[in-house]
Structure formats: structure tokens, C-alpha cells
Amino acid sequence: MSRTPFEVADVLRRYLAGYQGTHRLSLQQYKAAQAIMHCRTAAMGGHVDACTACGHWEVSYNSCGNRHCPKCQWSAQQRWMKNRMEELLPVTYFHLVFTLPEGLNPVAMNNEAQLYNLLFRAAWETLGQLARQPKWLGAQAGMIAVLHTWGQNLSLHPHLHCIVPGGGLTQDGNKWVNSHKKCFLPVRVLSRLFRGKFLHHLRNLHQQGQLQFHGQAESLASEKSFHQLLSALYKSEWVVYAKRPFGGPEQVINYLGRYTHRIAISNRRILAIQDGKVSFAYKDYRQNGQHKTMTLDAAEFIRRFLQHCLPPGFHKIRYYGILSIRNRKSKLAALQHSLGYQPLVVQATDKTKPVKTCPACGLPTLQHLGIIPARIFRPGSIPAIRFPFARAPPNRCSLTART
């Protein structure tokens, strides 16, 4: 898809003020919206570079670094991928997807941290328990899980993308056991055990009074209504999807990197912003991934987008079993050695400053000139964007005269 001139930031700049008149933002949503609107603008600060040869000068503004910003994910994704290259195993990897049913959406909207934590917990308990059983694998498995909360049309659709090595480590820690080459564990067995574990823990949270019920979920607050919801969910089939295994360990990181730092919608999917409406491209997976266009009122687009802001401090990428942080330098390292696998070693980043080339004359004479201080955002208002130079920008004449 070719790059479009529209961004999520454009929608927020035009319509967020009106949206706040009828909708209440959480602090996390407010911070995310402010960061996205001011990312790579003067409000974020930046620096000035000038060429001592031709007099060309340019201003570079800072990125916001917010994990919900469409423009700030590429560098974070690259860093994550480099860090994972040393943790691969020479085995087949599988991609599993654990999805919560739509009937839980009202509960999830009121209890994001509890439900999303429970999704991680139930998925790993399911995978770990089945892998330990001699009937299936009889070994300790590992898993990298990434949370996504959205569907292609920005609706609430919580699910986990899980990358799992095709096998596990025996309980004594001395032997690797390979799983079946085409199937890590039976999907139907995974689905039903996952359903049972999730609903069991969800019932416990309700009995302990740890769930909130507001808005659409208010009718579920009573014991009777909540029990009816659980009964209906027990009777339905939950979706656990298994994709085809990967060809090699290096492909795993490149593939998973596409999922780890995704956000609800990328800028390239925004097609038009006009007359209070936003049009964007999406794939309809109910019709074999057919490409379609959806148009929403700007307020509805903002509501859908901001509902995917994660709670503060919430970890959307988690590691389990032999891939957990505490096992990386012990079990994982010993396992790589026993399998005769030498992982790719990521070269340390050269800390020397790279030589900057002037985009105008092509000479390596672009020098740092000054810093633009950032504005401080205060809740309650959108600050006016100013351009406070640390020092006056150079002019072409003065630079040319010095050379």
C-alpha cells in the first residue's frame, strides 16, 4: 500500500477537542493523544543542523516515543529483534493465536488490566500443562506472547499471538524433545482447556469483588447475570488458531517482529479525512481477507482508536518457560550448546557519532548547531505550539562568509 498524506495525528488535531466535549478520556488516553498529536513537532523539541560548506540548515524534531504512536514503533521493533536473535533455537517454531470471545468485550472494557493479565495467564497455563503431559510432549515448553486488542476495523478484539518452539526440555533438563513437525499440540484440546482455565479464574475474580461493571457491563454485576454469562461462554467454542510452522529460526524473529510493535491502525491505512469522517482500509477476514474501505464519524474513529490504549505499566510482550528471562542464561544457553547451535551474535552498537552528510551539497559537513527545548504538557489543555530556539538559526550568508 502506497503512503497516504493522512495520519492518525491529523484526526486527533482536528476532532479531539470536540470529542472531549462529549467523551471522557482516561489519563492514559489523554497522554497518548497528546503524544501522537505533537510527535515530531516543535512541541517535542529537537535540534538544528547546519552545513558549513553550503549554508544549508535543517530542523529535526524529536519523536514522542509513546507505544501507541504510529510513527515511533520502527526503531523499537528493530531493537527488540536484535535482542532476540541470540535466543533462538535450531528447531521448528509454531504460531498460535488465543482469542477471547466477543461476549467478554463489555467486561474487558471495564477491567482491562485484569482481563488481559488473565488472557496471558490462561494461555500459558494451558500450553504448559499440556506440554508437560507425557501423552502430548512430556517436557517444559517455552512461549513468547504478544497482546493485540484490536480487529482490522478497530473494534475490541483481544487476542494473543504466541510463538512457541516445536518441542521442550525434559524435567531433568538434559534432553530436548521434539514435537510433531506439523502440529505442536491439538488445537481442539488447547481451545477447550484454555476456555476452562480462563473462565475458572474469571469466576474467582468476580467472587473476590475484583471486577468493575459500568456502562454496557452494568447488567452483569449481579451474581445471577454473571453466572448466565459464564454458562453461555462455557457452551461456546473458543478460537485457538495454529498457523503453519516456520522454515527456520531466523524467520521467526522477522515474522514476530511484525506483531510485537504494531498498534491499532497505521498511518498508511488512513485514506481520507473529510467532513467530520475518517475513511481507512482494512481486511475482512470473514471474507478471506478481502480488502475493503470503512468510513466512520471522526468521534467514533477516535473512540475506537483510544480504547486500545493499554493500562499504564502493562507489559504487552511476555516470555514464559524456557524462553523466560530467568532461564535465558541457564536453560536456554545450555540447550543451545547441547543442540550444537551457535546463535547469531549481534554486534555492539558503535558509540562514535556518525558523520552527517548534507542533503543539499552531499559533503560530510553537516554539524549540530543547537537544541530546541520541548514544551511541557499539562493535563486539561492542548498547548499552543511554539518554536523556542536555543539559539538563532544560522543564515546562509553568515555560514558562507565563514567558509
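The pLDDT is the predictor's confidence in each residue, on a scale from 0 to 100. The structure described here is a predicted model, and the mean pLDDT of the protein is 86. A value of 70 or more is reached by 89% of the residues. Confidence is highest in helix α9 (residues 298-306), with a mean of 97, and lowest in helix α11 (residues 396-402), with a mean of 38. The pLDDT is below 50 over residues 377-403. Beyond near neighbours in sequence, this stretch nevertheless has 52 contacts in the model.

Salt bridges were searched for over the whole structure, and 11 were found. One of them involves helix α1 (residues 8-20), in which Asp-10 is found. The side chain of Asp-10 meets that of Arg-13 in a salt bridge, with an N to O distance of 3.0 Å. Arg-13 and Asp-10 are separated by about one helical turn, because they lie 3 residues apart in helix α1. The two partners fall into separate accessibility classes: Asp-10 counts as buried because its relative accessibility is 18%, under the 20% limit, whereas Arg-13, at 40%, counts as partly exposed. A polar atom of the Asp-10 side chain also lies 2.9 Å from the backbone nitrogen of Glu-7. When neighbours within four places in sequence are left aside, Asp-10 is in contact with Pro-5 and Ile-273.

A salt bridge within helix α9 joins Arg-304 and Glu-300, whose closest N and O atoms are 2.8 Å apart. Both residues lie in this helix, 4 residues apart, which corresponds to about one turn. Arg-304 counts as buried, at 16% relative accessibility, while Glu-300 counts as partly exposed, at 24%. In this bridge the basic residue is therefore the buried partner, whereas in the bridge of helix α1 the acidic residue, Asp-10, is buried.

Asp-284 and Lys-292 form a further salt bridge through their side chains, at 2.8 Å from N to O. Asp-284 is buried, with a relative accessible area of 14%, and Lys-292 is partly exposed, with 24%. In addition, a network of salt bridges links Arg-84, Glu-87 and Arg-328.

Arg-328 also takes part in an arrangement of a charge and an aromatic ring. The charged end of Arg-328 sits over the ring of Tyr-319, 4.5 Å from the ring centre. Arg-328 thus belongs to the salt-bridge network with Arg-84 and Glu-87 and is placed over an aromatic ring as well. A second such arrangement is formed by Arg-318, which lies over the face of Phe-314 at 4.7 Å from the ring centre.

Contacts between aromatic rings were also examined, and the structure holds 10 aromatic pairs. Among them, Phe-194 and Trp-238 form an edge-to-face pair, with 5.6 Å between the centres and 75° between the planes. This pair links distant parts of the chain, 44 residues apart. Phe-194 is in helix α6 (residues 187-207), and Trp-238 is in the loop between α7 (223-235) and β8 (240-242). The edge-to-face assignment follows because the angle of 75° lies over the limit of 60 degrees. Both Phe-194 and Trp-238 are buried. Ring pairs link these two residues with Phe-98 and Phe-198 into a cluster.

How values were computed
Residues numbered from 1 in each chain as written. Predicted model: local features only at pLDDT ≥ 70, side-chain atom pairs only at ≥ 80, totals over all residues. Heavy atoms only, no water. Helix = DSSP H or I, 4+ residues; strand = E, 2+ residues; numbered from the N terminus. Contact = heavy atoms within 4.5 Å. Buried < 20%, exposed > 50% of the residue type's maximum accessible area, 1.4 Å probe, protein only. Polar contact = N/O pair within 3.5 Å; in protein donor to acceptor, adjacent residues only side chain to side chain. Phe/Tyr/Trp six-rings, centres within 6.5 Å; stacked < 30°, edge-to-face > 60°. Lys NZ or Arg CZ within 6 Å of the ring centre and 35° of its normal. Salt bridge = Lys/Arg side-chain N within 4 Å of Asp/Glu carboxyl O.
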